[in-house]
Amino acid sequence: MDLAKLETYKESNRLEAKAAQGGLPKSVWETISAFANTEGGVIVLGAEERKDGTLEIVGLGDADKMLDDFWNTAHSTDKLSCCVMSDRDASIENVDGKELIVVEVPRADRRLRPIYVNGNPVTGTYRRDHKGDYRCAQNEIQAMYRDASDESVDTRVHENLTVDDLSAETIGSYRRSYELHHNAHAWADLPDEEFLCRIGAAKAGDDGKIHPTSAGLLMFGEEWRIMAEFPHYFLDYRQELGTDERWQGRITSQDDSWSGNVFDFYRRVFNNMKQAINVPFKLDENSQRVDETEAHDALREAIANCLTNADYNERRGVVFLWKEDGLHFSNPGGFRVGIEDAYIGGNSDPRNETMMKMLTLINIGERAGGGIPDMVKKWTSAGYGKPMLSEQVNPERSSFFLPLEADKDPDNFEHAESTNSNSLTHGEVSTLLPDSDTQLSDNERIAFRLAIEQGRVTTAMLSENAGVSKLTANRTLKHLADIEVLTWRGRNKTDPSQYYEISEKLLG
């Protein structure tokens, strides 16, 4: 955010302005709770909304005292259940001779959620949507507490069921896939019950007997048995490529012609959606046609990610759509890490960790935290536009979008990758920069280095690596964009997935 242009901004799901003329506003704590429980955001004290929605700087009478009051209250558990902000996240700024306090609220780690006010999570937990702060319903609070646990939610043992209650046909299909990827592995010869225990699909209960876990039930159970334990369970795939009909093809878990479980759904949906991918003619070393591309791997990752990160206790279910513009994937439950962190990778945190393990054992999905970055890389390298991640609240859902339109410059991604792997990673920053612009500040050099090594740089990345506030990081990135060292990418200025990359002018 450029404070010099603050009066051109409007409040959004990431920005809140408060005049604060009578002292520190009580509502600031509700907004902190809302931002921390959603995607983070910026609070500006000393500015107010005009009638047209734009902001007007009114300034603060005693910003130093207000900042002291802010920190004294922020560290009191009577007011805020956990202070998610550090010293560098709140600062006094001077704009046109008027003092403001800018508070940058980060997204809270899932283990700290819910962040609530006044000592009561039921009445003091808030989230942020496009309408502003709203008090969370009980089901949202319960979902946050489920996600806060270090134990994967799909490890629960269902002692009212036995392994015989699972679909033997689905288990057989999974085991055949397992044997293809683990030739002569000792587990391949185990009886079903023991095999299921090894992969986490079954476990001994308090009664000493073997029962399905939630992971085993969801992956291998019959739909009617799954719904007895997860009443809102629903899987839906639709092919909507024209306007003449409502859809051209549909697969739902409630169709009694098949099992309705997650594993069989994955196989059916992948076989349908892969038809959307263009396969150029190519022969392997044995002169056999290659029927798959890296885009197929990206598609597998997208499907696996949605199915293993879905909160099956929540409503509206998993929805996959094949539409003319691309492939859409949506599941109940938000991302366990922030969207910016998901793009960066390196921090695998699936909601259903056991289900992810089961898919990884048959070479589907990625547990090393590189799944989403790898998906983006493979999809774009196949010539398509960059995948987009998004998140919504009330109700909470996560979404992927894989565009089917070809990238305007399909060679650009490979060009950037090859450039990144050469002299740029060894400190030769000046090889890309015009002579007049080689004198970058320390923060700008760190930003440039991140863009080279990671392929992109965000405000959060620069803030963490340079040890500066997000406000300073944002100004640094904007300046680099102004001098055409970096190029901004995003749908709009409040897009949580926005980022900067090396400008085409330099790469060209």
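Trainee: Where is the place of R316?

Mentor: R316 sits in the loop between α10 (294-309) and β13 (318-323). Helices and strands here are DSSP runs, H or I of at least four residues for a helix and E of at least two for a strand, numbered from the N terminus. Before we go on: this is a predicted model, so local features need pLDDT of at least 70 and side-chain atom pairs count only at pLDDT 80 or more, while totals for chains, interfaces and linings use all residues. Residues are numbered from 1 along each chain as its sequence is written, and side-chain values use heavy atoms, with hydrogens and water left out.

Trainee: What phi does R316 have?

Mentor: General idea first: most residues other than glycine have a negative phi, and most peptide bonds are trans. R316 is not a glycine, yet has a positive phi of about 80°. E484 is another non-glycine with a positive phi, about 65°. E484 belongs to the loop between α17 (470-482) and β17 (486-489). There is a glycine case too: G383, just after α13, takes a positive phi of about 100°.

Trainee: What is the relative accessible area of E484?

Mentor: The value is 41%. E484 is called partly exposed because that label covers what falls between buried (under 20% relative accessible area) and exposed (over 50%), using a 1.4 Å probe and protein chains only. On the whole-chain level, 53% of the 508 residues are buried.

Trainee: And the peptide bonds: which bond at P114 is cis?

Mentor: The one from R113 to P114, with omega near 0°. P114 lies in the loop between β6 (98-105) and α3 (121-124). The bond from N394 to P395 is cis as well, again with omega near 0°. P395 is in the loop between β15 (388-392) and β16 (397-403).

Trainee: How many cavities of 30 Å³ or more does the structure hold?

Mentor: Two. The recipe runs on a 1 Å grid over the protein atoms alone: a cavity is a set of points where a 1.4 Å probe fits but cannot get out, and lining residues have an atom within 4 Å of a point. The second largest cavity comes to about 100 Å³, with volume taken as the space filled by probe spheres set on the points, which are joined across faces, edges and corners.

Trainee: Which residues line the second largest cavity?

Mentor: R107, R110, R113, A143, M144, D147, F335, R336, R351 and E396. You've met R113 already, in the cis bond to P114. By class, that lining splits into three nonpolar, no polar and seven charged residues.

Trainee: How do I read a helix like α9, and how many residues does it have?

Mentor: An α-helix has 3.6 residues a turn, so residues three or four places apart point the same way. Helix α9 covers residues 262-273, twelve residues, and reaches 16 Å from first C-alpha to last, close to the 16 Å expected at 1.5 Å a residue. The expected span is 1.5 Å times one less than the number of residues. Buried positions in α9 are V262, F263, D264, F265, Y266, V269, F270 and M273. At the N-terminal end, N261 is the cap, with a side-chain oxygen 3.4 Å from the backbone nitrogen of F263.

Trainee: Is R128 buried or exposed?

Mentor: R128 is buried, at a relative accessible area of 4%. R128 lies in strand β7 (residues 126-129). The R128 side chain makes a polar contact with the side chain of D133 at 2.7 Å. Polar contact here means a pair of N or O atoms within 3.5 Å; within protein, one must be able to donate a hydrogen and the other to accept it, and residues adjacent in sequence count only if both atoms are side-chain atoms. In plain contact terms (heavy atoms within 4.5 Å), and leaving out residues up to four places away in sequence, R128 touches several residues, among them S12, E16, F35, Y134 and V393.

Trainee: Which residues does D325 touch?

Mentor: Not counting residues up to four places away in sequence, F401, P403, L404 and E405. D325 and F401 are 76 residues apart in sequence, but 9.4 Å apart C-alpha to C-alpha. D325 is in the loop between β13 and β14 (326-332), and is partly exposed at 36%. For the chain overall, of the contacts with a separation of 6 or more, 62% join residues 24 or more positions apart.

Note on methods. 1 Å grid on protein atoms, 1.4 Å probe; cavity = no way out; pocket = protein on both sides within 12 Å on 5 of 7 lines; lining within 4 Å. Nonpolar A, V, L, I, M, F, W, Y, C, P; charged D, E, K, R; others polar.
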